Amino acid sequence: MQVTESRIGLTLQQPNAGQVARLKLLPIEQVLAILSPDELPVVGSPKTVSKNALNVVAGAPLTELVFPAGGCTMQETSQADPTGAGTIWELTLEAALPRNQPALTDWLETNQARRWLAIWLDRNGQAYLAGEPGNGLRLEINRTIGALNYVQVTAKARSWHPAWFLETFDSTTLFADVDFDSAFDISFNA
């Protein structure tokens, strides 16, 4: 009998730091297209969105939240669709932002009804992406003044695939300002 064996992981891995370090939110209506990892694969990195796979409206507002250690967590669960149509993935990003800040409260209230593309970076340096045109994350807000004074922001989404890995977190690479000439043509001239 023959088998094809695959080995994933290493016996001597780097230490694993927890939590989300940074989160970027982009209004989903500003996202024109995202090429999936199947459409534009990154060699050697399955389920990874290429740094060249995002197309957004020029001048789209990108908001970044930076968290202290332990300030933001990510959880993703999967379950079989009850109709048998596949798997449903549920993603939750939950952040506790210290202090009730008027500018933060204003931004959250103004933007709570929007749907979002989320790009985040974990403390190990791995970038991720969730959301796509027509299906962005929704924000939920909870303010607390008790033993601690903080604003809890939760971003939730449901999708047909897990959150994808992202080739880079660098905005200048992801949203490069590249001149494009639509006159370029590779058709055959007789």
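**Note on salt bridges, cores and two threonines**

1. In this predicted model, a salt bridge joins Glu90 and Arg158, with their closest N and O atoms 3.3 Å apart. Glu90 belongs to strand β7 and Arg158 to strand β11, so the pair ties together parts of the chain that are 68 residues apart in sequence. Neither end is buried by the cut-off of under 20% relative accessible area, because Glu90 has a relative accessibility of 30% and counts as partly exposed, while Arg158, at 47%, also counts as partly exposed.

2. The count of salt bridges comes to 4, and another of them is formed by the side chains of Arg22 and Glu64, which meet at 2.4 Å, N to O. This pair links distant parts of the chain, since Arg22 sits in strand β1 and Glu64 in strand β5 (residues 63-66), 42 residues apart. Arg22 is partly exposed at 30% relative accessibility, and Glu64 is likewise partly exposed, at 34%.

3. Glu29 and Arg114 form a further salt bridge, in which the closest N and O atoms are 3.0 Å apart. Here the partners come from loops: Glu29 lies in the one between β1 and β2 (31-34), and Arg114 in the one between α1 and β8, so the pair ties together parts that are 85 residues apart in sequence. Glu29 has a relative accessible area of 44% and is partly exposed, and Arg114, with 29% relative accessibility, counts as partly exposed too.

4. Turning to the interior, the largest nonpolar core is made up of 24 residues, and those with the most contacts inside it are Leu23, Leu25, Phe67, Leu93, Ala118, Trp120 and Leu137. At least two residues of this core are supplied by each of β1 (20-27), β7 (87-98), α1 (102-111), β8 (115-122), β9 (127-130), β10 (137-145) and β11 (149-159). Apart from this core lies another, of 17 residues, which includes Leu26, Ile28, Val31 and Leu54.

5. Leu23 deserves a separate look. Once its neighbours within four places in sequence are set aside, Leu23 is in contact with Thr63, Glu64, Leu65, Phe67, Leu93, Ala118, Ile119 and Trp120. Among these contacts is Glu64, the residue whose side chain meets that of Arg22 in a salt bridge, and they also include Phe67, Leu93, Ala118 and Trp120, which are listed with Leu23 among the residues with the most contacts inside the largest core.

6. Is Thr154, a residue of strand β11, buried or exposed? Thr154 is buried, because its relative accessible area is 4%, and the cut-off for burial is under 20%. Not counting residues up to four places away in sequence, Thr154 touches Thr92, Leu93, Glu94, Arg138, Leu139 and Glu140.

7. Thr87, placed in strand β7, can be set beside Thr154. Thr87 counts as partly exposed because its relative accessibility is 37%, which falls between the limits of under 20% for buried and over 50% for exposed. With residues up to four places away in sequence left out, Thr87 touches Ser78, Gln79, Asp81, Ser159 and Trp160. The C-alpha atoms of Thr87 and His161 are separated by 7.6 Å, although these two residues are 74 residues apart along the chain.

Methods:
Residues numbered from 1 in each chain as written. Predicted model: local features only at pLDDT ≥ 70, side-chain atom pairs only at ≥ 80, totals over all residues. Heavy atoms only, no water. Core = buried A, V, L, I, M, F, W, Y, C linked by side-chain atoms within 4.5 Å. Buried < 20%, exposed > 50% of the residue type's maximum accessible area, 1.4 Å probe, protein only. Helix = DSSP H or I, 4+ residues; strand = E, 2+ residues; numbered from the N terminus. Contact = heavy atoms within 4.5 Å.
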